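This note is addressed to a colleague who is meeting the structure for the first time. Please read the points below with the model open.

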Amino acid sequence: MNAFSSFNSNTAKGNVDINSKIAYTTNANFNYISNELEIVKNEQFGSYELLSEDPLTVKYTINEGVTWSDGEQIDADDMLFAWAITSGRFDDAKTDDEGNVTGGTRYFDYAGTTEGLALTDTPEVGDDNRSITLTYSKPFADWEISFGVLTPAHVAAEKAGIDQEALSKLILETEKGDPENPKAEPVAELKAVADFWNTGYDTKSMPSDESLYLSSGPFIVDSIVPDQSMTLVRNEAYNWGPIPNVDSIVVRYIGEAPAQVAALKNGEVDIIAPQASADTLEQLEALGDQVVVEKGEQLSYDHLDLNFTGVFAEENVRKAFMKSVPRKQIVETILSKMDPEATPLDSQLFVPANAAYAESVANNGSSEYQDVDIDAAKELLDGATPEVRIMYNKDNPNRVDAYTLIAESATQAGFKIVDGGLGGSEWGASLGSGNYDASIFGWISSGVGVTGVPQIFGSGSSSNFNGFSSPEADELMGELLVTPDADEQDQLQIQIDKLIWDSGYGLPLFQPVGLDAYASHVDGVKYMPNQTGVWWNFWEWSVDN
């Protein structure tokens with residue numbers, strides 16, 4: 001597990017695993033996703049109503065009495081603020097082919113894609129400032145899961161030197177950004193709010209300012225030991241959603257699986273979700289009745305991404321590196337003992353459980369990278385010996401193994417490899433920094449919707465860390481977002497998958513096995529394959545005395 005680094009998991013920098021899980025326990029919203037990958041409404045928090053399908057019109061209402069932990073009612077101001085962030089409404093930034101801003105302003109560094117909510121008009125506020133209504137210019141496939149309350153508007157407003165009412169007025173009255181005609185200067189007050197939102201919540205330690213960790217959910221942060229642990233305690237005001245059985249949760253950041261198993265064995269922790277390996281599974285099974293072990297598929301994949309700048313600006317250099325990557329050896333080293341039938345993942349958008357996986361793999365060009373081909377790599381390099389810095393989480397054993405095998409093989413092709421490994425609380429913040437040439441990390445999906453595709457692969461997206469840009473892929477991704485039919489979505493993604501492979505983007509490596517374990521005196525833990533993982537139903541956890 002990575003170490004906590006931000007109370008805002010919605011920025012590109014803050015969007016790492018542990019930050020998102022803490023946000024999940026400390027924030028309530030209109031719905032959540034169950035371990036059956038079904039959308040479950042939380043009508044105690046508020047409601048959303050589909051008023052019309054043509055045009056797509058949705059009304060969101062916060063229930064009266066639902067508050068932030070400082071007592072402030074959550075209302076339309078908070079929803080307007082969330083809309084401003086997630087719609088990209090005011091951005092007028094011009095970008096180059098690598099997605100770098102060359103003019104204008106990108107205000108909020110939102111980790112998700114803004115393309116869906118960019119289809120909405122300025123919201124209509126109603127119900128004594130507790131509702132907003134969004135009207136879309138086109139259908140939007142993921143409308144039900146793409147909008148919710150993110151962070152308190154009154155805090156961002158105060159930090160920017162204005163009040164909450166002024167912020168909402170600013171959002172409602174500021175004209176839409178136009179990248180073709182960017183403003184010479186950004187809107188000063190909006191830029192001040194965005195600057196705070198982008199970085200003001202980043203911290204590894206407990207802030208002295210309580211407004212930086214307000215809660216709207218079942219728990220609130222009580223204390224932090226930097227790079228070691230965090231303690232969550234019950235939010236006594238909360239009664240607008242599932243009520244947890246336990247009064248507190250202590251979260252320990254333990255990166256290595258053997259250390260997690262040892263902590264579970266010694267009673268130092270009750271629940272772990274270690275990276276799966278045959279050794280880890282064997283160690284857990286050796287604990288016998290002391291623990292319960294659950295194993296399953298995971299909606300995630302490890303991958304190697306190559307920057308489209310610097311040493312990898314040339315496509316031939318990217319493809320030479322890809323041909324030197326020993327994907328089969330990586331899978332054998334990391335997964336084969338636990339899953340003898342494991343093979344490299346051959347799609348950037350699908351996993352084998354998806355019906356469209358086989359069709360995409362047959363057409364996307366992944367067949368060119370099944371085996372290491374040092375001779376072909378050398379031919380593409382034509383005598384060059386590029387220096388490549390690879391960034392990865394050096395506290396993650398699987399990523400260390402992958403890096404070591406890639407470095408050894410790529411060296412044979414003529415690459416000079418520099419170890420750019422960083423610690424568990426540092427690597428996520430370095431994504432997209434330009435301080436490396438290649439990165440090894442993992443993506444995991446919610447299992448619901450398609451907005452994750454443009455979030456990662458869309459030109460200029462905040463989560464597009466390597467600068468991939470394809471006008472053809474962008475057009476298909478735009479079409480994907482307004483296509484509700486699942487079969488048509490698959491066909492669009494098959495085309496996008498091929499464009500990504502053709503570009504020399506990098507390589508998917510493997511789909512890991514999911515593994516959870518918990519002490520036998522703990523009840524309520526249920527396996528979940530998506531990014532929420534074991535946390536998805538934390539309110540059901542209980543401990544037998």
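The numbered points below begin with the whole chain and then turn to one helix.

1. The model is predicted. Its chain contains 16 helices and 21 strands.

2. On overall dimensions, the radius of gyration of the chain is 23 Å, which agrees with the value near 24 Å that a compact globule of 545 residues would have. Along the principal axes, the C-alpha atoms occupy a box of roughly 70 × 65 × 45 Å.

3. On packing, 55% of the 545 residues are buried. Of the contacts in the chain with a separation of 6 or more, 69% join residues that lie 24 or more positions apart.

4. On the surface, the chain exposes about 22,500 Å², and 43% of that area comes from carbon and sulfur atoms. The chain carries 32 positive and 88 negative charges, and the mean positions of the two sets are 5 Å apart.

5. Helix α2 covers residues 76–87 and has twelve residues. From its first C-alpha to its last, α2 reaches 16 Å, close to the 16 Å expected at 1.5 Å a residue.

6. Is helix α2 buried or exposed? Twelve of its twelve residues are buried, so α2 is largely enclosed by the rest of the structure. Among the buried residues are Asp77, Asp78, Met79, Phe81 and Trp83.

7. Which elements cover the buried residues of α2? The cover includes the strands β4 (56–62), β7 (124–126) and β8 (131–135), together with the helices α3 (153–159), α4 (164–173) and α5 (188–199).

Methods
Residues numbered from 1 in each chain as written. Predicted model: local features only at pLDDT ≥ 70, side-chain atom pairs only at ≥ 80, totals over all residues. Heavy atoms only, no water. Helix = DSSP H or I, 4+ residues; strand = E, 2+ residues; numbered from the N terminus. Rg over C-alpha atoms; globule rule 2.2 N^0.38 Å. Buried < 20%, exposed > 50% of the residue type's maximum accessible area, 1.4 Å probe, protein only. Contact = heavy atoms within 4.5 Å. Areas by Shrake-Rupley, 256 points an atom, 1.4 Å probe, with all protein chains shown as cover. Lys, Arg positive; Asp, Glu negative; His and termini not counted. Charge placed at Lys NZ, Arg CZ, Asp CG, Glu CD. Expected span 1.5 Å × (residues − 1).
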